[in-house]
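Biologist: I should like to learn how the features of a protein model are read. May we take them one at a time, beginning with the ligand?

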Amino acid sequence: MSERVEKLIEKMTLEEKARQLTQVNAVVIHAEIAAEVTGAQQGIEICREDAAGIGSVLNFDTASEAIAIQDEYLNASPHAIPLIFMQDVVHGYRTIFPIPLAIGCSFDPALAEECAKMSAVEAKYGGTHVTFSPMVDLVRDARWGRVMETTGEDVFLNCEMGRAFVRGYHEGGILCCVKHFAAYGAAEAGRDYNTTDVSVRNLKEYYLPAYRACVEEGADLVMSSFNLLNGIPVNGHRELLVDTLRDEWGFDGVLISDYGAVTEMIVHGYLESEKECAETAIRNGLDMEMMSPTYIRHLPELVKEGKVSQKLVDESLRRVLEMKEKAGLFENRYGAADPQKAEEVSLSPEHRAIARRAAVRSAVLLKNEGVLPLSEDREFALAGPFAEEKYILGNWACRGRAEEAVSIKEGLESALGRNLVSATGCGKGISETCVSDIPAGLAKLSGINTVIACIGEPSDNSGEGASRADISIPPAQAALVKALKEAGHSVVAVIFGGRPQVLTEIEPYCDAILYVWQPGTEGGNAVADLLLGKEEPTARLSMSFPRAVGQCPLYYNSFNTGRPRIPDTLKNSMYVSAYRDVCNAPLYPFGYGLGYTDWHIGGLRLSSDVLEAGGSIRVSARLKNTGSRAGSALVQLYIRDRFASVVRPVKELKGFCRVFLAAGTEEDVAFTLSEEMLRFYTASGEYGSEAGKFDVWIGLDSSTDLSAEFTLVK
Ligand code: NOJ
């Protein structure tokens with residue numbers, strides 16, 4: 001502890017300490033609007049009076065606003081402790097990068113790092129000291145609106161990506177907060193804020209590692225989640241917050257609650273009063289309470305009554321003050337906040353170029369019946385409600401502005417240097433059923449062979465509080481796609497979404513499908529690059545695409561069951577683990593995606609079929625670019641432990657690498673497999689490997705059947 005922190009802790013009164021451990025939304029402390037907002041906005045339980053002397057502000061607007069708030073507070077503060085400003089800089093600040101789920105599909109941690117770094121550079125000049133990112137919740141249910149904020153369904157990939165985000169934020173000059181600890185992504189039925197019930201083994205094996213990876217990479221804060229976890233609201237979950245996070249992982253940074261989540265322990269039916277909430281949260285090492293007033297109102301009294309020790313409060317205070325020191329705020333109260341610099345760096349050509357590259361690298365080509373790439377001199381037109389849409393930034397777009405984004409039409413027109421016919425055809429809402437504009441749209445497109453149908457879900461239909469029970473393409477848009485095909489057009493679907501959507505109904509009517517997620521500011525330019533073949537689609541799915549919503553939750557690393565359906569056909573449906581109406585396999589599996597060339601992978605070889613503890617084996621295969629263009633393949637390594645004290649999934653991703661090959665050339669691709677990569681939580685609770693037989697696969701997606709067998713000897 002520094003001398004400064006020690007002295008402050010000595011000097012401060014209990015009341016001052018409790019305030020320092022509280023964070024409020026900027027709207028609460030704006031005199032003019034506070035009263036109105038406080039009363040009106042659901043979830044705001046804290047008023048301007050409560051907020052005097054608080055420790056932190058979230059979700060403010062500009063650098064000037066942050067500076068003004070800082071001055072006002074600091075001038076009134078008896079101990080000159082600066083506020084720390086936090087914000088959801090999730091996939092960009094003003095320049096918006098693709099949503100994190102899309103970045104996950106790039107399988108490119110270096111790209112994630114670069115995007116995070118650029119986001120941090122813009123955000124710090126905008127007055128942000130801490131971002132509430134990365135979000136590394138493991139997700140298996142596409143109905144959940146927040147799948148857009150994470151990098152997908154795989155623990156290995158999420159760890160790699162989470163670490164990359166942490167590094168990037170630090171390189172860009174801000175602190176970061178990993179969230180939502182823990183298992184928030186396992187919300188039952190994909191309904192946001194819903195209960196999670198996850199076995200301890202699954203928690204340790206799948207849900208917790210990515211948070212831990214971020215903590216190990218140096219994440220400065222951890223945000224606890226809203227959900228009930230195995231019967232206990234997370235802020236009341238001592239095992240998770242104290243035993244695991246603090247004691248086992250040694251995390252000594254700030255643990256902050258989610259928005260209003262401390263008092264939600266009452267609504268959950270766990271605690272009866274605000275005072276109990278404060279006592280429970282502080283005892284569990286929750287250092288900062290976001291947007292609820294229990295610490296301010298009850299901590300001093302709890303200490304005076306002897307229910308909470310002074311030492312515990314001081315511990316939390318130390319962490320909060322040390323975080324402020326780390327952010328350099330005692331030397332410079334504003335941090336890097338600088339309105340002019342914020343303007344200068346935001347949307348700079350360099351940032352736009354990275355946003356374009358990131359959007360190119362995260363769009364997944366799901367289908368291509370020889371129609372893509374489009375040749376520039378071919379005649380084509382646009383259809384669908386997203387052709388001219390500029391709000392393609394995705395949820396959590398921070399200070400991104402739709403008017404600064406490039407629509408598909410703008411991107412294509414600027415690449416081609418000519419105007420394109422565009423017919424909206426229908427509305428974009430997810431419940432839109434009105435098809436009356438389709439005939440007029442078709443008339444406008446008549447005579448044009450290829451139509452790029454820009455469809456999907458609007459940005460605000462994913463993200464927080466935006467779960468969907470039906471995740472198929474909205475009815476009017478599906479009707480448009482069918483009508484286009486039936487009118488004889490060659491249909492290239494460009495699909496927007498914050499989640500995997502069910503494409504089963506429209507897939508047969510599309511000649512090509514490019515899934516662009518919510519691509520961000522440079523979306524239109526990136527899509528033009530891809531459609532016109534200036535760039536190759538290189539992304540692969542980091543989340544399975546269901547055939548039917550009823551398959552959710554759906555993930556590749558599932559279990560075989562005692563009655564697997566093999567072959568996976570509808571005819572084979574009697575007394576096997578299956579649906580009568582759809583196959584078990586997803587429409588598009590994890591790891592899947594096409595490029596503009598063709599590949600063959602074969603000749604799997606092991607340097608030895610025995611792996612000894614402490615040693616390693618080399619697993620290699622021959623990859624050939626059999627197409628007529630240069631391209632890059634994402635080669636993936638999977639394993640299965642055939643028999644174990646705890647049954648292992650049918651496949652687990654253990655590595656991936658990208659290989660660039662010129663047309664017609666081939667190369668060996670090799671991975672090193674070691675005993676550590678085979679570890680799991682065994683029946684005795686140990687993290688270790690078990691001797692015996694394993695399968696290993698190399699392939700271009702998780703459905704690969706290119707396998708070999710080896711034995712682990714211990
Ligand atoms: C609630 C969200 O769950 C969380 O992700 C976010 O960081 C906070 N609100 C602050 O905006």
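Modeller: We begin with a term: a polar contact is a pair of N or O atoms within 3.5 Å. The model before us is predicted. In this model, a polar side-chain atom of Asn 59 lies 3.0 Å from an oxygen atom of the ligand, which falls under that definition.

Biologist: Which other side chains place a polar atom at such a distance from an oxygen atom of the ligand?

Modeller: Asp 88 does so, with a polar side-chain atom 2.4 Å from a ligand oxygen. For Asp 258, an N or O atom of the side chain is 2.5 Å from an oxygen atom of the ligand. The protein buries 97% of the 300 Å² that the ligand exposes when taken alone.

Biologist: How many residues surround the ligand, and which come nearest?

Modeller: There are 13 residues around the ligand, and those that come nearest are Asp 88, Arg 146, Lys 179, His 180 and Asp 258. Sorted by class, this shell holds six nonpolar, two polar and five charged residues.

Biologist: Let us turn to the sheet. What is the order of its strands, and how do they pair?

Modeller: A sheet is read by listing its strands from one edge to the other. Here eight strands form an open sheet in the order 9-6-5-4-3-2-1-10, with parallel pairing. Strand 9 (254-256) and strand 10 (289-290) stand at the edges; each has a single partner strand, so one side of each lacks a neighbour in the sheet.

Biologist: How many bridges join strand 2 to strand 3, and how many join strand 4 to strand 5?

Modeller: Strand 2 (residues 56-58) and strand 3 run parallel and are joined by three bridges. One can follow the register through Ser 56, whose bridge partner in strand 3 is Ile 84. Strand 4 (residues 130-131) and strand 5 (residues 175-181) also run parallel, with two bridges between them. There, Thr 131 has Cys 176 in strand 5 as its bridge partner.

Biologist: Are the faces of strand 3 covered or open?

Modeller: The general idea is that side chains in a regular strand alternate between the two faces of the sheet. In strand 3 (residues 84-87), Ile 84 and Met 86 lie on one side, Phe 85 and Gln 87 on the other, and all four are buried, so that both faces are covered.

Biologist: What can be read from a residue in the loop that follows strand 3?

Modeller: Thr 95 is found in the loop between strand 3 and helix 6 (100-105). Its relative accessibility is 0%, and Thr 95 therefore counts as buried, the cut-off being under 20%. The side chain of Thr 95 makes a polar contact of 2.5 Å with that of Glu 122. A polar atom of the Thr 95 side chain also lies 3.0 Å from the backbone nitrogen of Leu 347.

Biologist: How many salt bridges does the structure hold?

Modeller: A salt bridge pairs a side-chain nitrogen of Lys or Arg with a carboxyl oxygen of Asp or Glu within 4 Å. The structure holds 56 of them. One joins the side chains of Glu 325 and Arg 4, at 3.1 Å from N to O. Glu 325 belongs to helix 15 (residues 310-326) and Arg 4 to helix 1 (residues 3-11), so this pair ties together parts that are 321 residues apart in sequence. Glu 325 is buried, at 19% relative accessible area, whereas Arg 4 is partly exposed, at 33%.

Biologist: Where do Glu 410 and Lys 390 lie, and how far apart are they in sequence?

Modeller: Their side chains meet in a salt bridge of 2.8 Å, N to O. Glu 410 lies in helix 18 (residues 408-416), and Lys 390 in the loop between strand 12 (380-383) and helix 18, so the parts tied together are 20 residues apart in sequence. Glu 410 is partly exposed, with a relative accessible area of 34%, and Lys 390 counts as partly exposed at 22%.

Biologist: What separates Glu 413 from Lys 409 in helix 18?

Modeller: About one helical turn separates them, because they are four residues apart in that helix. Their side chains meet in a salt bridge of 3.2 Å, N to O, and both Glu 413 and Lys 409 are buried. Elsewhere, salt bridges with shared partners join Arg 246, Asp 252, Asp 287, Glu 315, Arg 318, Arg 319 and Glu 322 into one network.

Conventions
Residues are numbered from 1 along each chain as its sequence is written. This is a predicted model: local features need pLDDT of at least 70, side-chain atom pairs count only at pLDDT 80 or more; totals for chains, interfaces and linings use all residues. Side-chain values use heavy atoms; hydrogens and water are left out. A residue is near a molecule or strand if one of its heavy atoms lies within 4 Å of it. A polar contact is a pair of N or O atoms within 3.5 Å; within protein, one must be able to donate a hydrogen and the other to accept it, and residues adjacent in sequence count only if both atoms are side-chain atoms. Accessible areas come from the Shrake-Rupley method with a 1.4 Å probe; for residues, only the protein chains shown count as cover. Ala, Val, Leu, Ile, Met, Phe, Trp, Tyr, Cys and Pro count as nonpolar, Asp, Glu, Lys and Arg as charged, and the others, Gly among them, as polar. Two strands pair if DSSP finds at least two bridges between them. Buried means under 20% relative accessible area, exposed over 50%, partly exposed in between (1.4 Å probe, protein chains only).
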